[in-house]
Amino acid sequence: MVPHPPRAGCGFFAVPLAPKEKFPILEMRPGGRNSPLTIGVFTLLVSFVYMPSTQTVESLLPGVQRDVPLRDYATFRIGGSASYFFVATTKDQIRQAFLVSRQMSLPLLVLSGGSNMLISDNGFSGLVVLMKTADYTLQSAALSAEAGVSMDTLVQKTTEKGFAGLEWAGGLPGSVGGAVRGNAGAFGAEIKDSIAAVEFLDEKGNVRVLQKEQCEFSYRSSIFKTNGWIVLSAQFSLREGDKEQLCEEAASHIQYRKDHHPLEYPNAGSVFKNVDLKKLPKEFHERVRDHVKTDPFPVVPAAYLISEAGLKSRRIGEAQISEKHPNYIINLGGASVRDVLELIAVVKKEIWEKYHVVLEEEITILE
Ligand SMILES: Cc1cc2nc3c(=O)[nH]c(=O)nc-3n(C[C@H](O)[C@H](O)[C@H](O)COP(=O)(O)OP(=O)(O)OC[C@H]3O[C@@H](n4cnc5c(N)ncnc54)[C@H](O)[C@@H]3O)c2cc1C
């Protein structure tokens with residue numbers, strides 16, 4: 001249970017105010033007299049404002065649930081419970097949850113598809129907001145989608161209407177918000193390629209919009225990730241294309257993933273980012289030459305390094321490095337967060353010893 005500090009006031013936006021600001025209608029004049037009515041009103045106000053708060057997260061955020069297991073919302077199927085869990089179906093509800101978390105001094109975690117997260121077995125002592133905003137509009141080549149819309153839906157709807165820009169994301173799990181925050185990418189493309197603007201909630205609870213050039217997109221990152229801002233919706237600028245070709249391309253990516261990724265087991269996608277070739281010591285360049293990919297710049301696939309280090313199928317507890325795709329860790333059944341973290345540590349250590357390069361995690365780890 002997270003302790004709640006006592007709060008003054010009872011309004012939704014109540015913030016502690018200086019005493020003078022609380023009672024702008026009452027001036028206690030030195031040496032002057034106040035009528036019994038004035039004193040009565042004053043007493044009432046003081047007791048009202050300083051009354052021990054009866055506010056609870058439940059009273060401020062109707063629909064919030066207690067002690068909800070997060071493993072059900074993460075593709076790794078690992079993780080303890082959230083103290084508070086709220087399903088937001090509108091942008092207003094997302095903002096409301098944000099303000100309540102501030103008001104009650106609760107850490108906040110935004111969860112979309114849960115396809116890029118490793119959640120602690122201890123769960124999350126705070127408020128988890130599950131993004132279920134599901135509105136989108138496609139008008140000609142302009143697509144607008146709320147953060148909770150699944151990428152799967154967008155790929156299907158845009159390709160079948162003959163608009164190009166998201167077909168590369170065929171089979172990409174998760175929702176718009178997670179993809180924009182992490183600038184998700186695959187098959188030589190990234191979500192930033194078709195973004196026009198992003199609407200988000202800043203750290204003060206203001207709703208703002210940034211144009212693409214202001215979003216500081218980079219390899220698996222964005223200004224939303226670095227600043228901890230909440231993506232509310234995104235505008236995409238698509239192009240007209242050949243419907244059949246686009247559908248075929250999306251379907252071929254889905255098939256590729258089935259054939260090459262261990263989708264039979266719970267996982268969270270690639271555990272590590274691919275390695276910037278510039279960061280790999282020169283002495284290894286010749287050895288990795290045939291495996292360098294330019295996606296989105298010259299990188300050595302982490303999967304290749306892990307495989308070359310002989311780590312395929314390495315297992316700790318119920319967590320295992322996939323044989324099929326060695327940058328994936330799979331949950332064989334009852335893997336604990338500790339199993340996965342130990343395996344990550346082993347991989348990082350062995351890759352450092354073999355290649356003198358530090359592997360960086362791509363997944364979000366919530367310990
Ligand atoms: C089988 C598999 C294959 C994958 N393949 C790829 C791939 O090819 N390319 C790729 O880039 N990724 C891939 N991933 C990883 C994952 O699918 C992407 O990173 C995806 O974009 C995450 O979206 P999500 O909605 O699931 O985010 P979540 O996992 O729910 O969240 C990820 C992070 O984003 C934050 N977040 C979520 N929503 C928001 C929001 N609205 N605003 C701000 N922050 C938010 C969360 O707090 C968390 O820190 C794969 C994952 C799996 C399981």
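**View 1. Strand E7 with its partners E13 and E6.** Glu146 is a good place to start: its bridge partner in E13 is Ser233. This pair belongs to a predicted model, in which E7 and E13 pair in the antiparallel sense over five bridges. Strand E7 spans residues 142-146 and is also joined to strand E6, residues 136-139, by four bridges, again in the antiparallel sense. Two of the facing pairs are worth picking out here. Leu138 has Leu143 in E7 as its bridge partner, and Thr137 stands opposite Ser144 in E7. Where do E6 and E7 turn back on each other? They form a hairpin with two residues between them, and Ser140 in that turn has a positive phi of about 55°.

**View 2. The shell around the ligand.** Take a moment to look around the ligand, which is surrounded by 33 residues. The closest are Gly113, Gly174, Gly177, Gly178 and Gly269. Strand E3 (108-111), helix H6 (176-181), strand E9 (185-186) and strand E13 (230-237) are the elements that give two or more residues to this shell. Which element gives the most? Helix H6 does, with four residues. Sorted by class, the shell holds 16 nonpolar residues, 16 polar residues and one charged residue. Readers coming from the first view will recognise E13, the strand that pairs with E7.

**View 3. The open sheet E15-E17-E16.** Three strands make up this open sheet, in the order E15-E17-E16, and their pairing is antiparallel. Strand E15 (275-276) and strand E16 (293-294) stand at the edges with a single partner strand each, so one side of each is left without a neighbour in the sheet. Between E15 and strand E17, residues 298-300, there are two bridges, and these strands run antiparallel. For a landmark, look for Val275, which stands opposite Val300 in E17.

**View 4. Lys273 and its contacts.** This close-up moves to the loop between helix H8 (243-260) and E15, where Lys273 has its place. Is Lys273 exposed, partly exposed or buried? Lys273 has 17 C-beta neighbours inside 10 Å, so it counts as partly exposed. Beyond its neighbours within four places in sequence, Lys273 is in contact with Tyr219, Arg220, Ala302, Glu360 and Glu362. Another residue to find in this view is Glu361, which lies 88 residues from Lys273 along the chain, while the C-alpha atoms of the two are separated by 6.0 Å.

**View 5. Two non-glycine residues with positive phi.** Arg220, one of the contacts of Lys273, sits in the loop between strand E12 (207-211) and helix H7 (223-227). Its phi is near 55°, a positive value in a residue other than glycine. Arg220 counts as partly exposed because it has 19 C-beta neighbours inside 10 Å. Asp67 likewise is not a glycine, and it has a positive phi of about 50°. Asp67 is found in strand E1, residues 65-69. With 12 C-beta neighbours inside 10 Å, Asp67 counts as exposed.

**View 6. Helix H11 on the sheet E18-E19-E20.** Here is another open sheet of three strands, with the order E18-E19-E20 and antiparallel pairing. Strand E18 (315-316) and strand E20 (329-331) are its edge strands; each has a single partner strand, so one side of each lacks a neighbour in the sheet. Three bridges join E20 to strand E19, residues 319-321, and the two run antiparallel. Ile321 stands opposite Ile329 in E20. Helix H11, residues 337-355, packs on this sheet and touches E18, E19 and E20. The direction of H11 makes about 30° with that of E19.

**View 7. The whole chain and its confidence.** Stepping back, the protein chain has 11 helices and 21 strands. Of its 367 residues, 37% are buried. Among contacts with a separation of 6 or more, 64% link residues 24 or more positions apart. How confident is the predictor, on average, in the protein chain? Its mean pLDDT is 88, and 86% of the residues reach 70 or more. Residues 1-34 call for some care: pLDDT stays under 50 there, and the model has 28 contacts beyond four places in sequence for this stretch. Where pLDDT is low, the predicted coordinates should not be read in detail.

Terms used: Residues numbered from 1 in each chain as written. Predicted model: local features only at pLDDT ≥ 70, side-chain atom pairs only at ≥ 80, totals over all residues. Pairing = 2+ DSSP bridges. Contact = placed C-beta atoms within 7 Å. Axes fitted to C-alpha atoms, helices over the stretch in contact; angles between N-to-C directions. Near = placed C-beta within 6 Å. Nonpolar A, V, L, I, M, F, W, Y, C, P; charged D, E, K, R; others polar. pLDDT = per-residue confidence, 0-100. Buried ≥ 20, exposed ≤ 12 C-beta atoms within 10 Å, placed from the backbone.
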